[in-house]
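Open your viewer and get ready to make a few selections. We will go from enclosed spaces to a helix, and then to some backbone details.

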Amino acid sequence: MDVSQYLADSPPTVVPLVIKPHFEALTNKQKLYAHHISKAAFFGTRIILRQVSPESEPIYNLIIALHRHCHGDWASLAKDAGVGNDELQHVLQYFTQFLGNLGNYKGFGDVKFIPRCSSQTIAALAAKASVAEKFHEQCKSAIYADGGKPALMHFGFPGQGNMSTYYPESPNITREEIEKVGELLGAKGILPENTRVRKTKAGDYEVLIASALSKPPPEGSDVGEVTTWELSSPLEGKKVSLVFGDHQEEMAKIALHMKKAGLHAANDTQKTMMIAYAKSFGTGSLKAFKVSQKLWVKDKSPEVESNIGFIETYRDPAGVRGEWEGMVAMVNKERTRAFQNLVEAAPAAIPKLPWSKDFEKDEFSAPDFTSLEVLSFASSGVPAGINIPNYDDIRQQIGFKNVSLGNVLGAKAPNEPIPFIRPEDLELYQENRDAAFEVQVGIHELLGHGTGKLLQETSPGVFNFDHKDRPVSPITKKQISTYYGPSQTYSTVFGPTASSYEECRAECVAMALSCDFSLLKIFGFGDGEIDMSGKAGDVLYASYLSMARAGVVALEFWDPKSKKWGQIHMQARYSILKTFLGAGDSFCRLDSKKDDLSDLTIHLDRNKILTHGRPAVEAYLQQLHIFKSTADVKAGRELYERMTSVEGNFWAEKVRGQVLKKKTPRKVFVMANTVEVAGGKVELKEYESSIEGMIRSWAEREV
């Protein structure tokens with residue numbers, strides 16, 4: 001097996017998340033609130049590692065043990081072990097990328113990465129510390145290509161040979177078995193986000209529930225006293241049992257710190273929210289977690305913003321189990337004003353989307369939309385924006401929040417190369433890409449994820465639409481024939497397709513509405529009048545160029561052997577590039593004068609964005625939206641699979657080949673720590689933006 005494509009970045013792009021001015025502006029009470037939630041977030045580190053691969057936690061332990069042994073003096077350790085500087089740098093680069101992704105699979109791409117150094121190098125370093133040597137023994141073979149099994153280099157269903165420790169110790173569990181267990185849990189009203197599933201040697205199934213208590217009291221759990229059931233055909237006779245106490249030690253620490261945070265809450269809503277969080281993490285109750293999320297939505301414009309739990313389901317091949325995630329951030333009031341103005345403009349913008357009110361929420365519930373500066377973000381990757389909670393019933397009945405992460409958006413590596421942009425577009429692109437991305441993130445989160453109605457039979461015989469005179473689909477021109485049943489959700493119906501499909505829908509909303517010059521004005525670009533030659537036109541052009549470029553570089557995340565996508569956002573962006581290319585009249589094309597495409601660039605006609613680009617995107621968006629709204633999973637999957645298929649030598653080999661040659665390392669972020677000191681004060685500890693600083697920051701979180 002050719003492992004060159006799996007080698008760790010050399011060097012990784014290490015950038016700091018600057019937070020000190022915003023943290024220091026807090027009162028000590030606010031700092032204590034932030035500190036305890038931050039501690040809780042990072043106590044989930046080992047949970048994330050266990051959700052990645054069996055070897056991730058031992059590798060993490062190895063890194064921490066080596067750092068402690070040498071007190072961060074890696075050069076002396078290498079000298080003592082007889083390891084040269086080049087080899088040492090490859091080790092540290094691997095360790096840094098590992099910590100930036102919290103596992104040995106890319107957080108953005110879901111593909112394994114391996115060190116550029118020899119296995120003997122890491123062994124020599126580990127041999128100098130007995131504790132490190134023990135951890136090295138647990139993971140030494142799995143650090144590398146693990147027996148040359150290509151399927152194990154990618155996330156996916158274990159029964160298909162891929163990696164997923166959402167199904168631990170279950171190499172033979174099939175997709176069909178996972179779905180059948182999921183159907184039973186759904187029928188019992190048990191939500192899956194904080195679970196893993198293990199297949200026993202007897203062929204039964206254990207649903208592992210993350211909780212501090214191994215035996216929660218029946219009144220404190222979501223299920224009562226009965227915790228074992230039998231499956232129906234074709235798994236008749238097989239049992240499903242609930243097992244509480246997954247990640248027990250970590251969940252207990254997390255629950256404790258959420259209680260401590262509640263002692264420093266700014267108001268009763270925050271205090272009650274912390275109690276609900278603690279109950280959820282203590283008992284494993286996702287009903288309690290949903291209470292916390294309702295309160296979180298109601299906690300408007302806090303000075304310290306946070307969210308924590310099993311949130312995003314991107315990495316579970318079944319698309320329903322959530323990765324642990326914890327965020328703590330400070331509000332940037334100046335940047336927030338533009339987003340609040342966007343919220344106010346939303347009721348006028350939503351009718352411009354390509355569907356009728358039959359397929360839109362009865363009333364737009366204005367969310368809290370803030371620009372945040374991140375203090376802590378425990379996850380496999382730090383996003384640029386968030387729209388949560390992901391529970392549709394909360395979104396439709398209570399509302400949701402949008403956040404844009406300002407110090408993530410603004411983090412830049414010096415002299416970052418930008419392939420596939422024409423030389424004549426490069427200066428404009430560099431000057432406007434940050435502004436374009438901020439507009440895109442704002443619209444994506446607020447009007448992308450924040451729009452749309454799921455037509456549903458909410459309870460037997462009760463519908464949230466006129467069931468007798470059903471809405472007419474703008475696609476078929478006929479009355480709709482599909483809708484969601486009483487116990488169904490978007491995720492359970494669309495399954496593994498759901499996450500990427502929804503990200504694509506939100507991206508298309510952003511592409512369509514970024515053409516609205518009145519929205520561009522909100523962000524400070526132009527006067528609201530259509531003007532493709534001015535600053536607003538520059539930002540719009542950069543936005544479409546950025547999306548087209550993202551569609552090209554997306555091919556890094558497509559695996560030609562399995563013909564599967566490893567990153568849901570990039571899968572979505574590839575389909576939007578195909579939409580641009582199919583818009584006609586040479587609106588968008590890929591140019592190259594060389595057979596190997598080594599000079600490949602994107603040519604996009606700025607003057608045809610409004611006449612060709614936007615209509616093409618809206619036509620695609622309309623289909624995505626209507627199929628989602630009406631639970632037409634068959635048509636939705638067929639459309640999305642067609643739009644995201646990579647076919648032919650041109651795309652699969654030539655374009656992808658250039659993408660791999662020119663790919664740039666993804667950023668890893670150095671985050672500060674908070675430390676409680678004498679007198680009940682909290683201090684911020686920052687680290688240098690370097691490989692050594694990255695490793696030290698994580699080692700000191702373990703103290």
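Begin with the largest cavity, which holds about 80 Å³ of space. A word on terms: on a 1 Å grid over the protein atoms alone, a cavity is a set of points where a 1.4 Å probe fits but cannot get out, and lining residues have an atom within 4 Å of a point. Points are joined across faces, edges and corners, and the volume is the space filled by probe spheres set on them. Bear in mind that this is a predicted model, where local features need pLDDT of at least 70 and side-chain atom pairs count only at pLDDT 80 or more, while totals for chains, interfaces and linings use all residues. Residues are numbered from 1 along each chain as its sequence is written, and side-chain values use heavy atoms, with hydrogens and water left out.

Select I190, L191, N194, T195, I209, S221, D222, V223, F244, G284, S285 and L286 to see the lining of the largest cavity. By class, six are nonpolar, five polar and one charged. Here Ala, Val, Leu, Ile, Met, Phe, Trp, Tyr, Cys and Pro count as nonpolar, Asp, Glu, Lys and Arg as charged, and the others, Gly among them, as polar.

How many cavities of 30 Å³ or more are there? The count is three. For the second largest, at about 50 Å³, select N194, A210, M251, S280, F281, G284, L286, F289 and F310. Its lining has six nonpolar, three polar and no charged residues. Helix 11 (268–283) and helix 12 (286–298) each supply at least two of them. Helices (H or I, at least four residues) and strands (E, at least two) are DSSP runs, numbered from the N terminus.

Next, select helix 18, residues 498–513. All 16 of its 16 residues are buried, so the rest of the structure largely encloses helix 18; buried means under 20% relative accessible area with a 1.4 Å probe, protein chains only.

Now for the backbone. Zoom to the cis peptide bond from S233 to P234, with omega near 10°; P234 lies in the loop between strand 4 (228–230) and strand 5 (239–246). Another cis bond joins I388 and P389, with omega about 5°, and P389 sits in the loop between strand 9 (385–388) and helix 14 (392–397).

Finish at L597, which is not a glycine yet has a positive phi of about 65°. Is L597 buried or exposed? At 7% relative accessibility, L597 counts as buried.

How values were computed: The expected span of a helix is 1.5 Å times one less than its number of residues. Buried means under 20% relative accessible area, exposed over 50%, partly exposed in between (1.4 Å probe, protein chains only). On a 1 Å grid over the protein atoms alone, a cavity is a set of points where a 1.4 Å probe fits but cannot get out, and a pocket is an open set with protein on both sides within 12 Å along at least five of seven lines; lining residues have an atom within 4 Å of a point.
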